Structure formats: structure tokens, C-alpha cells
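The following exercises concern nonpolar cores and strand pairing. Each task is followed by a solution in steps.

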Amino acid sequence: MDRQKTIGTMSDADLAQVLSQVRAGDNDAWGELYRQYAPAIFRFCRRLLPAREDAEDATTEIFMKVRQKLGTYDSSRPFTAWLYKVASNHCWDTLRRRRIRQDLETGDLDTLPLEHPDPSQLERLQAEHTSKEVRTGLARLPDRARMALVLRYYAEMSYDEIADTLGVRRAFVGVLLLRARHQLRDALSGSGNENFQKANAGGAR
Amino acid sequence: MNRSDGHFDEMTGLLYLEGQLDAGHASEVSAHLGSCAACSELLHALETEGVWLREALTVDDESIPASVVAAPERGAAHWGWIAAFGLGLGGAYTLWSGFVEPSLAQASSAGFTQGNLLTTLFFTGAFWKGWDAMRSLMEFMAMATLGTVAIWLLRKQLQRFTAIAFVAGALASALMIPQPVAAADMERGDPAYTLPAGQEVKTDLIVVANRAQIDGDVDGDLIVMSQYVTVNGHVKGDILGFGQEIRVNGPVDGNVRAWCQTITLNSAVAKNVMVWSQVVELDTKATVGGTATIGTQVAQLNGQIEGDVLGGGQVVGIDGTMGHDVTIRADRLNIGPTAEIKGQTKYVGGKAPEISSGAKLASPPIVSTVKRGPDYSQGAYYWHQVMFWGASFLLGLAILLVAPGFFFDIEQACKKMGPAVGFGALFLFATPIAAIIICATIVGLSVGIPLLLLYAISVYAAHIFIAAWLGEKLIGAGVGVGPAIARLALGLLILRGLGMLPYLGPVVGLLVAMWGMGALVLALHRKISPPSAVAA
């Protein structure tokens, strides 16, 4: 997976130098780091949190945390992975505080359809909806389903990272992703609106 | 394959695409794909869907706000924290200047020579004698500070109910420890208990009975919980009484502390008297060597009190000898013809005091008459409202910072107004009754008293959560602590304003107390009960 397409354009060497300067207290380096990564983190938050203002606040708070925790960053790992980890934890905490989650792993497992989806229907769905519509549909998903899709297909997180962030077993991540895809298909096609709203009302609170 | 029809299912297809299958399983799927058009088609559709999702999520068709583009300055504190700090300081100041300092000054003027009001109330009496070593307010404050720091350090764990239960348990245990039960003679009357004349209990005596008669002597403290209590013997320690009617006819070498409906003192009490009772009667034969602190509906003081008198109630009558200052806050004060007050008399009340011409007063009384209910024309009234707001804000801030998750959970529970008000009404009235019933046993006392304390804190804190909810309604739900503080401040301001309305204010107060308490109960319930599965 290539995270660079959603975040920063700095080379590894430049990034390492900027990070060491930030650690040494260089304000200009901090500004450079922020300018490189803040837009992507804002977009990430924008896809997870309900309002634009929430995403703005969250971006600021995430970078404050980043600055505080930079000493704990292990430079042998990709910086973007660590950054997304901090951001996703922050957003997930925010959502948890706002909502009382009641969905259980087993409940999700039971609801997975066994039949093959109709590939032609899937293709039609993809052709008929713009990116903006997809993101609108995404915003209507339960928190955990939305988190799973964004972590995987925007932040390009591994299954282990997603499991760690969402506090689920690794084996459950695939189930979560597939179920989220189904919910998104329902949201976009409108066919499963009733069930979907039920899941939203119960699962997302 | 995972399915009986020879094809693999969608889950297997997704895991295969995402490289999550083990090598054996993956090669099995690969082999199947070579011969199965349906599965190949499915896999292709899933793969395309993945690409489609990535494109939809990564496309940049929304501008980046200016606040995100500009890097935050180094060390720049969030505005919410600055506001919180300022408001917190204001709250602390108003709390101190409005409540603590005047209380201390009043206690000092009433002659509490052993220390201050807190010390006198909590650490000197028989009930708290285990805390004798910790007499000063400074020590208490130091402990409170340490406790706050500990809670702050454990704040993440505190968000888990088990930790809350642990802390609550520790608090209950801490309250249990000081009780001097171990070295006491415990008696349970069925239904009555009598200590016969001529007998002497060498240790403390604890009595729980329907009717208690103490004709013999008690060498230590007498702790009695009974409907009718009569003490004719000599008590060499303190008397701590809970009951309907308490009558003390024998000498007491220590203090008398009582919570009851009627108390009559006919004998000599060597130290202090502190009573909360509907009716208090100090007979002409009675003498009190120390001070008297009385909260009552009707009090008649005909005996002799050497120290200062601090009293509050509806009607207070004095016809005895008061050795020092007398401070009374009541609706009416009658000073009879045989009364003698050797110190300064201060009276704050609804009606002018009636002072008999035969009464001997060392100096002219200082009298302030006050109107019942709020006086909207006085600046002090509005200043008090600011102080109340400050106190509420300070507590809300403390809860928000120590347990933000729990605070937000309660705020969310406020949205369910119907169930919250229903549960709140139930718990608001049922909890004190249950606590008093629990207190009816000596063993239950250690549970009942913390329960009452928690109840009092909950009732007071209830309006804070409603204020947070109200603030969210008005200015929206921004993320983080900063906006939450702003919501809290605004909500409290509005609730305080509503509370000031004549007639409507108390109704709003009751509704808010029920609503907030119900939300607290609902949030606690959700924390305790396991989450339920959701149907898709």
C-alpha cells in the first residue's frame, strides 16, 4: 500500500531532517511539517467526523498531540503510518465520546450475506455515483463501518493497525470491511435504506 | 471452498484480494479462479470496488480551511484552555470569597476555638474521633490535593466503571475506618434496650433499638440510634444520637451531637452541643460548658451556655444565661425577662426581635432584618448568582477534565429527556429513603452515609450535565474539551438565569435536578450493562 498518494511529498531524507529539527525545537521545521501533512490529516478527519468544523478542530488537536508525542515516534517505522495512527485514535476517541456504541462483533458476523453479489449491479453502482456521493453515503454509515473503510482505503492501514485502532480482533477486520462495503452499497442504492437506518439508529449510538 | 455449491464466498474473495489468506488457502482460491468464471467475475467486481472506493476517498474536491493551512504557533494554548483557566480561577475565587471565607469568619465569631468550622464539624466529634490527628484545614487541603492529583493520573482508568467502583469502594472504606467500632460494646434492643442504673459500660456503647434507656454509666462515648432515647446515667465521653426524641438527664463529660426531631437537655454538658433537630429545649437546670450550634425549627434556651451560641431556625427563644456571643439567624427571636447575654448579640431574621425589658444584654443587639425570597433590588443577590455560577462551573470543569468520557456520556444521555426525567424522579426521591433505611443498621451506616454523600453530590451536579446539553443545543457540538467548556459555561449561565425567575425558578430547578440525575443514572447503567447486538 502506498500512503504517499494521500499525504506529504517530502522525501524520506528530508522528512528525517525535518523531524530531527522539530525535536530540537525548530519552529520553522514544525511549520514545514505541519504544512506538508495537515491538509491530508484534515481530509482524513473530514471523512470520519460529521462536520467540517469538527475536522478543523480535530486537525489542530491531532498536531498538538503529534508535537507532544514526537519523542515516542520510532523512526524505523514510516512516519505517515504513525501520524495516521495518532489521527485515527483521536477521531475514534472523539466518536466514542459522542456516541455510545452497542454493536458487537458477533452481531455483525451473523448478518453477512452468503450469496455472491451481482457483479453487474456493483459495476452499475460504481458508474452511477460520483466521489462526492460516495463520501455522502459514507457519512451515513455507523461510526465503526466508516472508520474501517477510511482507515483501509484512505489511510491504507494494515489489518493489524485497523484492529488495534478499533479495538477488535484482527480476524474481524475483514468482516468489518465487507459489512461496511455492503452498508455503503445499500446507502448508495437506496434499496436497503430501512435496514440501514435501523443499523444506524442502533449501532451508531 | 467455503460454500457447498463449489464457489467461494464474498468474504473469502475479499480476503484473497487483500492478501489476508494463508498460502494454502490462497493457492486453492487461485486454482479455483482458473476454472470458475462466476468467481473470477466476483473477484473482479470486488477489486474494482476497492479501486473505486480509494479514488472516491482520496480525490481532493474540497478546499482546505485557512485555520488548517496556517501552522499553529509553538506553545500556543488552545483558547478553550485559556478561557477555562480564567473561568476556573474566577470560580475558585467566588467559591472562596462567597462561601468558605464567610463560613470560617462566622464560625470564628461564634467561638469555635478549636479550629475552624470544617475541623469542628468533621474531625472533632465522637463519630470522627479517629481523625483526631488531622485537625487542621491545611492537612485536609493537602490530602484533597493529593487525591486530585491521583485522580488526574488515573483519569483514563477512571473512565472504566470498574475503576470508579474501586474508587467508590475505597471512599466507603475510608469512611468506615475512623469509626471506633472495634473497641465498643454494641447492643441491639429488641425492641427496647436498657442499661440498668448501677451498671457501668467500660468502653464506648453503641445502641440500636426502638427505645433506649441509659440509666447506668458509660465510660466512653454513647452512640445511639433509636426512636426514643433517654439518658439518665453519667456519660464520660460524647453522646452521638440519631432518633425521634432524645432526652438527656444525666451529666455528659464530653460533647452532645444529635440529629433528631426533639431534643431536651436537662443536665450538665461539659463541652459543646451541636444539634440538628425540629425542637430543641435547654432546660433551666441545663448547663453547657462550651459552645452551642443549633439548627432547628423551634429552640428554647433556658439554661446556661458558657461559650458562644450559633443558631438558625424559625423561632428561637432565649431565657437563660449566655456566657459569650449569640449569633442567631431565624424568622423570629424572643429574648425573655430572665435572659442574660454577656457577649454581643447578632440577629438576622425576618421580623424584629422581641426583647423583654427584664433581659440583661451586655451591649445593644446588632439586628438585620431580611425579606423572604430573593431581593431583586439588591446587588448582593446578583453577586450571589455569579458565585453560584462560578461554583457550578468549577465542579463541571473538574468532572470534564477528570472524566471527559463519562461527562460526554451523561451529556448524550440528557438527550433522552423522557426516560431521564422518569428515572431522575425515581432516584431523586427513592435514594435518600433507601440510604436512611440502610443507615438503620450499624453495619449499613458505612454504606448509607457514603450513599447520602454521593446522592448530595449527584443532585448538585445534575444541572451541570443539563447545562452542557443546553450549550450543545445552542452553539453546536464542537469536538474536544475547549468547545465543551464553552458549552458548559453558556448552559450554566442560562440555567442560572432561568433559576432567578420568580415562581418558575424552583420548578425549573426541580426539573433540571430530575433530568440531570436521570441522565447520570442512564449513563451509569450503560456503562454497567453489556452492549446488545444490533440487527443489520
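**Exercise 1.** In the open sheet of six strands in chain B, what is the strand order, and is the pairing parallel or antiparallel?

Solution. The model is a predicted one. Step one: the order reads 9-11-13-15-17-20 in chain B, and the pairing is parallel. Step two: strand 9 (268–269) and strand 20 (360–361) of chain B form the edges, as each pairs on one side only. Step three: strand 9 of chain B runs parallel to strand 11 (residues 287–288) of chain B, to which two bridges join it. Within this pair, V269(B) has V288(B) as its bridge partner in strand 11 of chain B.

**Exercise 2.** Identify the strands that pair with strand 6 of chain B, and trace the bridge partners of Y228(B).

Solution. Step one: strand 4 (residues 204–214) of chain B pairs with strand 6 of chain B in the parallel sense over nine bridges. Step two: strand 7 (residues 239–248) of chain B also pairs with strand 6 in the parallel sense, over nine bridges. Step three: Y228(B) in strand 6 stands opposite R211(B), and its bridge partner in strand 7 of chain B is E245(B). Step four: seven of the ten residues of strand 6 (residues 222–231) of chain B are buried.

**Exercise 3.** Which helix gives the most residues to the largest nonpolar core?

Solution. Step one: this core has 64 residues, and I41(A), F44(A) and L149(A) are among those with the most contacts inside it. Step two: helix 2 (residues 27–48) of chain A gives the most, with eleven residues. Step three: a separate core of 56 residues includes M225(B), V231(B), I246(B) and L282(B).

Technical notes
Residues numbered from 1 in each chain as written. Chains lettered and ligands numbered in written order. Predicted model: local features only at pLDDT ≥ 70, side-chain atom pairs only at ≥ 80, totals over all residues. Core = buried A, V, L, I, M, F, W, Y, C linked by C-beta atoms within 7 Å. Buried ≥ 20, exposed ≤ 12 C-beta atoms within 10 Å, placed from the backbone. Helix = DSSP H or I, 4+ residues; strand = E, 2+ residues; numbered from the N terminus. Pairing = 2+ DSSP bridges.
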